[in-house]
Amino acid sequence: MQRFKFIISVILFGFLSACTDKPVSLSAVVSPIEIKVVVVTMFEIGEDQGDKAGEFQLWKAGQKLDTCLPFPVSHHDICINPQTGVIGIVTGMGIAKATAAIMALGLDPRFDLSHAYWLVAGIAGFDPADASIGSAAWATWLVDGDLAHEIDGREIPADWPSGYFPLFANEPVNAGTGLPAPKLTDGYSTNGEVYKLNEQLTDWAFNLTKDLKLSEYPAMFELREKYTEHPNAQRPPFVLKGDHLASSTFWHGKLMNQWANDWTSYWTNGEGNFVSSGMEDTGAYQAMVYLAHANLADRSRFMVLRTASNYSMQPPDLSATENLSAESGEAGFAGLLSSVESAYTVGSKVVDTIVANWPQFKTTMPYDAGNIITPATKPVNEVQAQLPAQQSTKLTTQQLVDALQLEGHVEGGYFRQTFKADHRPTIATKNGDRVTMTSIYYLLSAESPIGHFHMNQSDIMHYFHAGDPITYYLIQADGELQTVVMGSDPTQGQVMQMVVKGGTWKASKIPTDGDFGYGLIGEVVAPGFEYSDMQLGQTAELVALFPQHAELIKNLSH
């Protein structure tokens, strides 16, 4: 074994020397660092810190993985905390990248991984029958969804639920009784269709974390309520045990969800229950099997924790295509932020416990150890506070106008009506019947910075959305002038909501040299807006009414 590691050391030494500008010494390569825990994540969004968090950012900050080492044979640098012996990697998405990354790390002579625990911590789609978005599931079974026969759906027999069936079989797993039970050797199938992890370790991790409180956000509430046929999908996020199906295809929908349940049940001989769908874990564990054969890693110390960023099928009122379209991209996953936080909240409890008990856990599995130290869980918001402030991307005025489909407004600026309560009975006003409410976006820009004096008959509630502060000038019927600044910083006297009662003359203005170059608000008008209810101010008439404000009126009226 020592000879084997020396050969690998020399090979990697030559490779690293060729791939980096910095000199690499052979002594540094062959002096292994003892690793206690490897945290395996699959993707990051942009940078490792300072922008929107993917799977890795919270781990890098919370576990203080501040020393990053070049890893040219893989997707991402290796980041390590030399004091705790915890390292974090980002494999890249997909079975191929995950398999290659785990194998490359296992063969890297810079690290002694012989006693290391491995924790996969990533997001996934969850079966709504089992859990809600934001939930975290510990897996015992890893099932491969790619190794199969397939017949095009247009050619399958009429009595088949799908054209997808196991290798060397002749029908789908739920089409009849002719399929023999799969055979497992040493916990996995010959071709890699299924793997069973150390169930005792899974149970230990679950029992350690099952009572943790997980984060949730308003966007999750609305989505959960749509799953009226799935009580577990409507629960706040929680920790559970549930098995994982890995597939290179991002599948979605009620029929595919049923296939995933049937496929998992078949390959686990009825022991497993499909909960989470992802792309990497069977490949990552297959690499562990090979590394274990070479005594470079202990595959009985491999754990998989998946957290729900989205549901694997649609709610009752949507088709699969409609729901998948709504969830396209990072912005479409209502549970993304919560799932990333859940992976860290739950996973770090396990990592911190292993590190705190390393004198025992190095040679004794946690479920066999006694007098275990259980460190306090650090709230995820404290970890987020360690991250550099997120740099927000500033949209241009034209991007906002295009994205929100705005058009020019007679008062100045841009607008679009977003709602009109024409589904309810109208109400009588002195100008005729009106709907109860209307709503608009309204945008002022550096190129069109003035909303000229005008008066509405209805009351208007204003909501600040984004951009530079907007100054409002309100003249009451008795001539009293009120100045209000709407903006995002209440500590500077700015307000985020403001009501202007009907009969008030109103004008608005933004600076032409602001940080953003625009100010965006929303307005709700009740009774609903009609142009016949609005009066544009004429400069001469307004000056005659309010001579004390003549200069202001001349600057802010037609």
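This is a short talk on how one predicted protein model is put together, from its overall build down to a few single residues.

Hi everyone, thanks for coming. Please keep in mind throughout that we are looking at a predicted model.

Let me start with the whole chain. The protein has 558 residues, and 51% of them count as buried. Its secondary structure comes to 15 helices and 29 strands. If you draw a box around the C-alpha atoms along the principal axes, that box is roughly 95 × 65 × 45 Å. The accessible surface adds up to about 25,400 Å², and carbon and sulfur atoms account for 53% of that. Now, how much of the contact network joins residues at least 24 apart? Taking contacts in the protein between residues at least 6 apart in sequence, the share is 72%.

Next, the inside. The largest nonpolar core has 43 residues, and the members that touch the most others are Trp-138, Met-303 and Ile-354. Which element gives the most to this core? That is helix α10, residues 336-356, which supplies eight residues. There is also a second core, separate from that one, with 34 residues; Phe-71, Ile-89, Leu-113 and Trp-118 are among them.

Hold on to Ile-89, please, as it takes us to strand β5. This strand covers residues 86-90, and five of the five are buried, so β5 is largely enclosed by the rest of the structure. You can see that on both faces: Val-86, Gly-88 and Val-90 are buried on one side, and Ile-87 and Ile-89 are buried on the other.

Which strands does β5 pair with? One is β2, residues 37-41, joined to β5 by five bridges and running parallel. If you want to find that pairing on screen, look for Thr-41, whose bridge partner in β5 is Val-90. Another is β4, residues 78-81, which runs antiparallel to β5 and is joined by three bridges. There, Asn-81 stands opposite Val-86. As a quick reminder, strands of a sheet pair through backbone hydrogen bonds, either parallel or antiparallel. So β5 gives us one example of each, parallel with β2 and antiparallel with β4.

The link from β4 to β5 is a hairpin with four residues in between, and Gly-85 in the turn has a positive phi of about 75 degrees. Gly-85 also has a distant relation in sequence: Phe-111 sits 26 residues away along the chain, and the two C-alpha atoms are 9.9 Å apart in space. Phe-111 belongs to strand β6, residues 111-112. Is Phe-111 buried or exposed? Its relative accessibility is 1%, so Phe-111 counts as buried.

Now let's move along the chain to two open sheets. One has six strands in the order β17-β18-β21-β28-β23-β26, with antiparallel pairing. Why do β17 and β26 each have one side without a neighbour in the sheet? Because β17 (407-408) and β26 (497-500) stand at the edges, each with a single partner strand.

Let me walk you across some of the pairings. Strand β18, residues 414-420, meets β21, residues 438-445, through six bridges, and Tyr-414 stands opposite Leu-443 there. Further over, eight bridges join β23 (residues 459-467) to β28 (residues 518-526), with Phe-464 opposite Ile-521. On to the edge: β23 and β26 pair over four bridges, and Met-461 has Val-499 as its bridge partner in β26.

The other open sheet has five strands, ordered β25-β24-β27-β22-β29, and its pairing is antiparallel as well. Its edge strands are β25 (481-486) and β29 (534-536), each pairing on one side only. From one strand to the next, the twist averages 25 degrees. Inside this sheet, β24 (residues 470-475) and β27 (residues 505-509) are joined by five bridges, and Thr-471 is partnered with Lys-509.

One last stop: the loop between β25 and β26, where Gln-494 is placed. With a relative accessible area of 16%, under the 20% limit, Gln-494 counts as buried. Its side chain reaches the backbone nitrogen of Ser-488 at 3.2 Å. Setting aside neighbours within four places in sequence, Gln-494 is in contact with Pro-469, Val-485, Met-486, Gly-487, Ser-488 and Asp-489.

That's my tour. Thanks for listening!

Technical notes. Residues numbered from 1 in each chain as written. Predicted model: local features only at pLDDT ≥ 70, side-chain atom pairs only at ≥ 80, totals over all residues. Heavy atoms only, no water. Core = buried A, V, L, I, M, F, W, Y, C linked by side-chain atoms within 4.5 Å. Buried < 20%, exposed > 50% of the residue type's maximum accessible area, 1.4 Å probe, protein only. Helix = DSSP H or I, 4+ residues; strand = E, 2+ residues; numbered from the N terminus. Pairing = 2+ DSSP bridges. Axes fitted to C-alpha atoms, helices over the stretch in contact; angles between N-to-C directions. Contact = heavy atoms within 4.5 Å. Areas by Shrake-Rupley, 256 points an atom, 1.4 Å probe, with all protein chains shown as cover. Polar contact = N/O pair within 3.5 Å; in protein donor to acceptor, adjacent residues only side chain to side chain.
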